[in-house]
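Work through the exercises below with the sequence and the model at hand. Each task is followed by a solution in steps.

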Amino acid sequence: MSDIKKTTKTTYLINTSLAILSALTLVLSFPNFELYYLAWFSLIPLLYALSRTEKTSFAFLLGEIFGIGYFYGTCYWITYSMINYGELHPLVAYFLAFILVAIVSLFPALFSAIFNYSVKKFGFEAILLAPLIWVATEFLRLNVAGVGWNALGYSQGFQPIL
């Protein structure tokens, strides 16, 4: 195998790991874990991975992976409700939850593709656009999918000073 293919596979693996790390730290920042301060830094690995990704399609995939980890980790109660109140078999409940999570994850994926494109077009200064793009995609998620669950700001919900 050539060095270029090894480098490409390694880069893909590192970028995917960074997206998963972002999802994990963001999940831990929500009220059940009481690590709210992680939210302030949780998107840094994702943004770094997106800024080093050459293909916008792979950036979209990274956003989808991030979104699945993030929403599955913070919307665990959906399966509990389906199993205990809807009396669905756990495998069916987890499959249905995965479908819902994958659909809602299209919005972080859209953010990732737009941010990646912005970095290619404007360079490092595109980091200033990240908050605007993030809020726009969360707003879009609410208005298109009707799902406003777990907006990033909810991680700070029980911090009186904020």
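## Exercise 1: a glutamate in a helix

E138 is found in helix α7. The model is a predicted one.

Task: Classify E138 as buried or exposed, and list its contacts beyond its neighbours within four places in sequence.

Solution. Step 1: the relative accessible area of E138 is 17%. Step 2: buried means under 20%, so E138 is buried. Step 3: leaving aside neighbours within four places in sequence, E138 is in contact with N150, A151 and L152. Step 4: one of these partners, N150, is found in the segment after α7.

## Exercise 2: positive phi

Task: For E87 and N150, give the phi angle, the location and the accessibility class.

Solution. Step 1: most residues other than glycine have a negative phi. Step 2: E87 is not a glycine, yet its phi is positive, at about 55 degrees. N150, also not a glycine, has a positive phi of about 55 degrees. Step 3: E87 sits in the loop between α4 and α5, while N150 belongs to the segment after α7. Step 4: E87 has 71% relative accessibility and counts as exposed. N150 has a relative accessible area of 11% and is buried.

## Exercise 3: aromatic pairs

Task: Determine how the rings of Y12 and F58 are arranged, and which parts of the chain their pair ties together.

Solution. Step 1: searching the whole structure gives 11 aromatic pairs. Step 2: Y12 and F58 form one of them, with 4.4 Å centre to centre and 45 degrees between the planes. Step 3: planes under 30 degrees apart count as stacked and over 60 as edge-to-face, so this pair is tilted. Step 4: Y12 lies in helix α1 (residues 3-28) and F58 in helix α3 (residues 56-74), so the pair ties together parts that are 46 residues apart in sequence. Step 5: Y12 is partly exposed at 32% relative accessibility, whereas F58 is buried at 11%.

Step 6: Y70 and F71 also form a tilted pair, at 4.7 Å centre to centre and 45 degrees between the planes. Y70 is buried at 1% relative accessible area, and F71 is buried at 4%. Step 7: one aromatic cluster is made of F30, F66, Y70, F71, F111, F115 and W134.

## Exercise 4: the nonpolar core

Task: Find which residues have the most contacts inside the largest nonpolar core, and which element gives the most to this core.

Solution. Step 1: the largest nonpolar core has 34 residues, and those with the most contacts inside it are L26, L46, L50, F66, Y70, F111 and F115. Step 2: two or more residues come from each of α1, α2 (44-52), α3, α4 (77-84), α5 (90-104), α6 (106-122) and α7 (130-145). Step 3: α3 gives the most, with 6 residues. Step 4: buried residues of α3 include F58, L62, F66, Y70 and F71. Step 5: beyond neighbours within four places in sequence, F115 is in contact with L47, L50, S51, A126, I127, A130 and I133.

## Exercise 5: a tryptophan after the last listed helix

Task: Place W149 and list its contacts beyond its neighbours within four places in sequence.

Solution. Step 1: W149 lies in the segment after α7. Step 2: W149 counts as partly exposed, at 35% relative accessibility. Step 3: its contacts outside that window are F71, C75, W77, I78, L100, R141 and Y154.

How values were computed. Residues numbered from 1 in each chain as written. Predicted model: local features only at pLDDT ≥ 70, side-chain atom pairs only at ≥ 80, totals over all residues. Heavy atoms only, no water. Phe/Tyr/Trp six-rings, centres within 6.5 Å; stacked < 30°, edge-to-face > 60°. Buried < 20%, exposed > 50% of the residue type's maximum accessible area, 1.4 Å probe, protein only. Core = buried A, V, L, I, M, F, W, Y, C linked by side-chain atoms within 4.5 Å. Contact = heavy atoms within 4.5 Å.
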